[in-house]
Amino acid sequence: MTIKYADRINSLPPYLFAEVDRAKQQKLKEGVDIIDLGVGDPDLPTPEYVIDALCKAAHDPETHQYPSYSGSTVFRDAAAEWLKNRFGVKLDAEKEIITLIGSKEGIAHIPAAFVNPGDYTLCPNPAYPVYGIGTTLADGKPYDVPLLAENGFKPDLSSIPSDIVKKSRMLFINYPNNPTAATAGKEFFKEVVDFGNDNGIIIVHDNAYSEMTYDGYRAPSILEVPGAMDCCIEFHSLSKTSNMTGWRIGFAAGSADIVAGLGKVKMNVDSGAFLAVQLAAIAALKNSEAFKQKMSRIYQERRDALLVGLKALGIEVEKPKATFYVWAPVPGKRPSIEYAKYLLDKAGIVATPGVGFGKYGEGYVRFSLTRPVERIREAVERMKKL
Ligand code: PLP
């Protein structure tokens, strides 16, 4: 029998990172000393107090059963407390917060709650690919909204044709941004919230990098803006900010109706995050401010070291204020895949070609600050020799 994939699977974009990964594996086989600045996964361990809390919780048989669908009350209360202390936003933990098995899970599922076949979602481009993929899996149509350098990598909402706006159910945004490292202030969020409320469009703000900020910058929450609770849901993740990518824990907060819609999808497809992980994540949230300061110092040193190397290659990049990414223009207008291969072949450095994040990412490569500073300095020395 011939196995046929559904159209929605066939219409998913090709996984462009696979080619770079294949090339990297080949170099490793040849014995090349690779410096991998491609992955967006912290190289440093989860803090001890989180691991201790997990061990303690895992010994309690009450954590071994199915968890509650929308998340334990204690975890959601801790998330509400964190949002209040961090952003001054007061939410009803029961109705306005939902626990996620990592924020990717929630982002991928939310279109299923609100998008009918043929509806549009407005997706930034370049972007974390899951906004478009979740839309496609819900039989919706992702509409690319370009993030251009001249607009500070923010979407120009006035450029979206009105017939598309009319057929759109959601707008995805993400600041601090992956892959561009751009940040956004409350004025921009207000413009987005007004756009959502005026056009009946749900605003999905992905705030996965809110705690990865430098030089005294503090990223806001969209929920701080008046009117946000009528049209917004904001995704938070413990993955990057508490070095917990493998633990699969995050949460979403915002309008009770939007949270309930996402909850309805989740109730039917998963059974919640492991309770012991939720209890451990409370320890992470409680210590998040001190841990953020510690991590920021480390990433800041790495960032500054990398920028020296890029300058040596003739690439001037504005110092990113947030995220652990550096979004660098490709010199000489070469395709980004070709340039990433050049860095790998000539210097053993892995960087992610910008086009992997969408066609408007062409002309850039993304470097992740996920290697120790000594390795980044080594990468810089190699760049200087190029
Ligand atoms: N959002 C953005 C912008 C990301 O870059 C990532 C991970 O790379 C995620 C969400 C998903 O994070 P997690 O599912 O680990 O919470």
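**Close-up views of a predicted model**

**View 1. Helix α11 runs over residues 256-269.** With its 14 residues, α11 reaches 20 Å from its first C-alpha to its last, close to the 20 Å expected at 1.5 Å a residue. (The expected span of a helix is 1.5 Å times one less than its number of residues; helices are DSSP runs of H or I with at least four residues, strands are runs of E with at least two, and both are numbered from the N terminus.) Look for Ile 258, Val 259, Gly 261, Leu 262, Gly 263, Val 265 and Lys 266: these are buried. (Buried means under 20% relative accessible area, exposed means over 50%, and partly exposed is in between, with a 1.4 Å probe and protein chains only.) An α-helix has 3.6 residues a turn, so residues three or four places apart point the same way.

A quick note on what you're looking at: this is a predicted model, where local features need pLDDT of at least 70 and side-chain atom pairs count only at pLDDT 80 or more, while totals for chains, interfaces and linings use all residues. Residues are numbered from 1 along each chain as its sequence is written, and side-chain values use heavy atoms, with hydrogens and water left out.

**View 2. Helix α4 covers residues 73-87.** Its buried residues include Phe 75, Trp 82, Leu 83 and Phe 87, and two arginines, Arg 86 and Arg 76, are buried as well. What do the buried residues of α4 pack against? Their partners are α5 (93-96), β2 (97-100), β7 (232-237), β8 (250-254), α12 (275-286) and α13 (288-312), where contact means heavy atoms within 4.5 Å. Just past the helix, Gly 88 takes a positive phi of about 70 degrees.

**View 3. Here is the ligand with the residues around it.** Of the 15 residues in this shell, Asp 206, Tyr 209, Ser 237, Ser 239 and Lys 240 come nearest (near means that a heavy atom of the residue lies within 4 Å). Asp 206 has a side-chain N or O atom 2.5 Å from a nitrogen atom of the ligand. Ser 237 has a polar side-chain atom 2.6 Å from a ligand oxygen, and for Ser 239 the distance to a ligand oxygen is 2.5 Å. Taken alone, the ligand exposes 400 Å², and the protein buries 92% of that (areas come from the Shrake-Rupley method with a 1.4 Å probe). Helix α6 (residues 103-114) gives the largest share of the shell, 3 residues.

**View 4. The loop between β5 (168-173) and α9 (186-199) holds Asn 174.** Asn 174 counts as buried because its relative accessible area is 2%. Its side chain reaches the backbone oxygen of Pro 176 at 3.1 Å. Asn 174 also touches Tyr 131, His 205, Asp 206 and Tyr 209, not counting residues up to four places away in sequence. Most residues other than glycine have a negative phi, and most peptide bonds are trans. Now check this loop: the bond from Tyr 175 to Pro 176 is cis, with omega near -5 degrees, and the one from Asn 178 to Pro 179 is cis too, with omega near 15 degrees. Ala 181, in this loop as well, has a positive phi of about 70 degrees although it is not a glycine.

Key:
Polar contact = N/O pair within 3.5 Å; in protein donor to acceptor, adjacent residues only side chain to side chain.
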